[in-house]
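Me: Please examine one part of this structure closely, namely the part of the protein that faces the DNA. I should then like to understand how that part is connected with the rest.

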Number of protein chains: 2
Amino acid sequence: MDNKKIEKISRALSDTSRIAILQEFKKKKDCLYCAEVNDLLDLTQPSVSHHLKQLVDAELLLPQKEGRNLKYVLNQQVLDEYIDCLNKLKD
Amino acid sequence: MDNKKIEKISRALSDTSRIAILQEFKKKKDCLYCAEVNDLLDLTQPSVSHHLKQLVDAELLLPQKEGRNLKYVLNQQVLDEYIDCLNKLKD
DNA sequence: TACATATATCGAAACATTTGAATACTTGAA
DNA sequence: TTCAAGTATTCAAATGTTTCGATATATGTA
């Protein structure tokens, strides 16, 4: 994972709304529906869509279409790689 | 560690210059001098000072004055706490 | 088909970040 | 003391982010 990717993931994590989205996966096992995220956050639908896009662009979330709905799963592999990079900072 | 703190650390990590500073600790054991960071980055002194301030404000770096010079040590504890929070995202 | 629901995009306002020139501050040395 | 070196602050310009209203797109259903 190069520094540009670390930067992108870090930026995706640098917002309390997006952190709250990721933490919601602890409650909702498996996947989280887009509509559930709209309910979770006190923001309009376009704002929520914007935040979800950043998490998807950073590859922290993987989107899956289900008819009219959209659900997300956490990309544990990318999260693990990111954590590995942070661990390597410790000399 | 609350979400505001996670946000702050993430934001401190969301810049390739600041990531490069942290990675430099792997080479220079123990501590890193402010002047060394100026040499490392292709930025003016005020810009470097700005980046170092963000890392200090996020408590990722601990500053120590040495006469006219300033050196930094990596705050492994904060880094560990941050990594713990990320690990908890994985359900 | 026509309609309703779910999600994305556009456009603009407000706000934050990054950068460097100029300058101020701090401290050791002459 | 004065001077020079190391670091911080101020200011402004450029750029990026967040938010929402309005609107577009996509898809299931009557």
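Reply: A definition is needed at the outset: helices and strands are DSSP runs, of at least four residues in state H or I for a helix and at least two in state E for a strand, and they are numbered from the N terminus. The model is predicted.

The surface near DNA strand D is a suitable starting point. H4(B) gives the most to this surface, with 5 residues. The elements that supply two or more residues are helix H4 (45–57) of chain A and, from chain B, helix H3 (34–40), helix H4 (45–57) and strand S3 (69–74). There are 22 residues around DNA strand D, and those that come nearest are Pro46(A), Ser47(A), Gly67(A), Cys34(B) and Pro46(B). By class, the residues of this surface divide into 8 nonpolar, 9 polar and 5 charged.

The other DNA strand may be treated likewise. Around DNA strand C there are 23 residues, of which Cys34(A), Pro46(A), Pro46(B), Ser47(B) and Gly67(B) come nearest. Here helix H3 (34–40), H4 and strand S3 (69–74) of chain A, together with H4 of chain B, each supply at least two residues. This surface has 8 nonpolar, 10 polar and 5 charged residues. Pro46(A) and Pro46(B) therefore deserve attention when the two lists are read side by side, because each is named among the nearest residues to DNA strand D and also to DNA strand C.

One contributor to the surface near DNA strand D, strand S3 of chain B, leads into a sheet. In chain B, 3 strands form an open, antiparallel sheet in the order S1-S3-S2. Strand S1 (31–33) and strand S2 (61–66) stand at the edges with a single partner strand each, so one side of each has no neighbour in the sheet. Neighbouring strands are turned by 30° against each other on average, direction ignored. The pairing of S1(B) with S3(B) runs over 3 bridges in the antiparallel sense, and Tyr33(B) stands opposite Lys71(B) in S3(B). S2(B) and S3(B) also run antiparallel, and 6 bridges join them; here Lys65(B) stands opposite Leu70(B) in S3(B). Between these two strands there is a hairpin with 2 residues between the strands, in which Gly67(B) takes a positive phi near 65°. Gly67(B) is also one of the residues that come nearest to DNA strand C.

The sheet of chain A can be described in similar terms. Its 3 strands form an open sheet in the order S1-S3-S2 with antiparallel pairing. Strand S1 (31–33) and strand S2 (61–66) of chain A are at the edges, and since each has a single partner strand, one side of each is left without a neighbour in the sheet. The twist averages 30° from one strand to the next. S1(A) and S3(A) pair over 3 bridges, again in the antiparallel sense, and Tyr72(A) in S3(A) is the bridge partner of Leu32(A).

The loop between H4 and S2 is worth a brief pause in both chains. In chain A this loop holds Glu59(A), whose phi is positive, about 65°, although the residue is not a glycine. Glu59(A) counts as partly exposed because it has 17 C-beta neighbours inside 10 Å. In chain B the corresponding loop, between H4 and S2, holds Glu59(B), with a positive phi near 65° in a residue other than glycine. Glu59(B) is likewise partly exposed, with 17 other C-beta atoms within 10 Å.

Both chains supply residues to the surface near DNA strand D, and the chains also touch each other: 25 residues of chain A are in contact with 25 residues of chain B. On the side of chain A that touches chain B, helix H1 (3–12), helix H2 (16–27) and helix H5 (76–89) each supply at least two residues. H2(A) gives the most to that side, with 7 residues.

Helix H1 of chain B shows how the two chains pack. In this helix, residues 3–12, the buried residues are Ile6(B), Ile9(B), Ser10(B) and Ala12(B). These residues lie on the same side of H1(B), because they cover an arc of only 160° around the axis. They pack against H1 and H2 of chain A and, within chain B, against helix H2 (16–27), H4 and helix H5 (76–89). H4(B) thus returns to the account, as the element that gives the most to the surface near DNA strand D.

Technical notes. Residues numbered from 1 in each chain as written. Chains lettered and ligands numbered in written order. Predicted model: local features only at pLDDT ≥ 70, side-chain atom pairs only at ≥ 80, totals over all residues. Near = placed C-beta within 6 Å. Nonpolar A, V, L, I, M, F, W, Y, C, P; charged D, E, K, R; others polar. Contact = placed C-beta atoms within 7 Å. Buried ≥ 20, exposed ≤ 12 C-beta atoms within 10 Å, placed from the backbone. Arc of directions from axis to C-beta. Pairing = 2+ DSSP bridges. Axes fitted to C-alpha atoms, helices over the stretch in contact; angles between N-to-C directions.
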